[in-house]
Amino acid sequence: MSALEGAILRTLREAGIEKPPVEVERVLRFLDLDDICWSSDQQVKQVALIHSENKGKHRILMPTDYPAERLPFTLAHECVEYIALREGLKPLHWKINQSAAELLLPTSWVRQCISDEGFDLFALQRRFSTASLETCAFKMLGLATSPCILTVADRKGMRRRSYTRKALERPISHLEEEVLAEAFCGIDVVERVGGGLRCRAFPVPDRRRGGIARVFLFAFLLEL
């Protein structure tokens, strides 16, 4: 566990949060960051942690048109940035992004959920309801016990990600394509094994237009 991850867990305990879901508003209040500065200034396009001279404390600067679905992760990011500042730590930006997921989805809690529920994306998101499905999926990918490729597919295309470079060098297999096609045609989790892969796909319904909006496909490499 890194120093930053340790500081995040300590902050959650001190804020009285000992189990999921992690209420970001509660963390913000504990850190005295809940006085968010909303701005309609067209020049303010990014979220930032600023020091308010007149109030003598840090505040979060937020554009008024910021997408609501991205708020939990973004606010978690700003909380982690403040925790790092308070602890005298200077992590790289990508590490703060990674640790924002750690605030919403503490690794030890996620491991317990996987132990209880199995490798189930929907079960994880139900328990950690303040984290998006995508954040949950990336967290699960990082905790996979064998080399794994995560494919996130929607009507616009697909993105593939793995923490094992050799795994990601593999082109998408026929089995993965078949599982994706089946997942887009139904509403149930799809599981298939073959060609050295174990695939598990989670289809996400589109509540506005019907059908399936996205599919999260985990392909575990049985041999690498």
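## Exercises on aromatic pairs and an antiparallel sheet

The structure holds 4 aromatic pairs, where rings of Phe, Tyr and Trp (its six-membered ring) pair if their centres lie within 6.5 Å, and planes under 30 degrees apart count as stacked, over 60 as edge-to-face and the rest as tilted. This is a predicted model, in which local features need pLDDT of at least 70 and side-chain atom pairs count only at pLDDT 80 or more, while totals for chains, interfaces and linings use all residues. Residues are numbered from 1 along each chain as its sequence is written, and side-chain values use heavy atoms, with hydrogens and water left out.

**Exercise 1. Describe the aromatic pair of Phe 122 and Phe 202, and state which parts of the chain it ties together.**

Step 1: Phe 122 and Phe 202 are arranged edge-to-face, with 5.3 Å centre to centre and 80° between the planes.

Step 2: Phe 122 belongs to helix 6 (residues 121-127) and Phe 202 to strand 7, so the pair ties together parts that are 80 residues apart in sequence; helices (H or I, at least four residues) and strands (E, at least two) are DSSP runs, numbered from the N terminus.

Step 3: Phe 122 is partly exposed at 21% relative accessibility, whereas Phe 202 is buried with a relative accessible area of 0%; buried means under 20% relative accessible area, exposed over 50%, and partly exposed in between (1.4 Å probe, protein chains only).

**Exercise 2. Follow Phe 202 to its pair with Phe 218, and name the cluster that contains both.**

Step 1: Phe 202 and Phe 218 also form an edge-to-face pair, at 6.0 Å centre to centre and with 85° between the planes.

Step 2: This pair links distant parts of the chain, since Phe 202 lies in strand 7 and Phe 218 in strand 8, 16 residues apart.

Step 3: Both Phe 202 and Phe 218 are buried, and they join Phe 119, Phe 122 and Phe 220 in one aromatic cluster.

**Exercise 3. Work out the strand order of the open sheet, its edges and the helices that pack on it.**

Step 1: The open sheet is formed by 5 strands in the order 5-4-8-7-6, with antiparallel pairing; two strands pair if DSSP finds at least two bridges between them.

Step 2: Strand 5 (157-161) and strand 6 (190-194) stand at the edges with a single partner strand each, so one side of each is left without a neighbour in the sheet.

Step 3: Strand 4 (residues 148-154) and strand 8 (residues 212-221) pair in the antiparallel sense over 7 bridges, and Leu 150 stands opposite Phe 218 in strand 8.

Step 4: Helix 7 (residues 133-142) packs on the sheet, touching strand 4, strand 5, strand 7 (197-205) and strand 8, and its direction makes about 5° with that of strand 8; contact means heavy atoms within 4.5 Å, and axes are lines fitted to C-alpha atoms, for helices over the stretch in contact, with angles running from 0 to 180 degrees between N-to-C directions.

Step 5: Helix 9 (residues 174-184) packs on the sheet as well, touching strand 4, strand 5, strand 6, strand 7 and strand 8, with its direction at about 150° to that of strand 8.

**Exercise 4. Trace the hairpin of strand 6 and strand 7, then place the charged end of Arg 198.**

Step 1: Strand 6 and strand 7 form a hairpin with 2 residues between them, and Gly 195 in the turn has a positive phi of about 60°.

Step 2: These two strands, strand 6 and strand 7, pair in the antiparallel sense over 5 bridges, and the bridge partner of Val 193 is Arg 198 in strand 7.

Step 3: The charged end of Arg 198 sits over the ring of Phe 220, 4.4 Å from its centre; a charge sits over a ring if NZ of Lys or CZ of Arg is within 6 Å of the ring centre and within 35 degrees of the ring normal.
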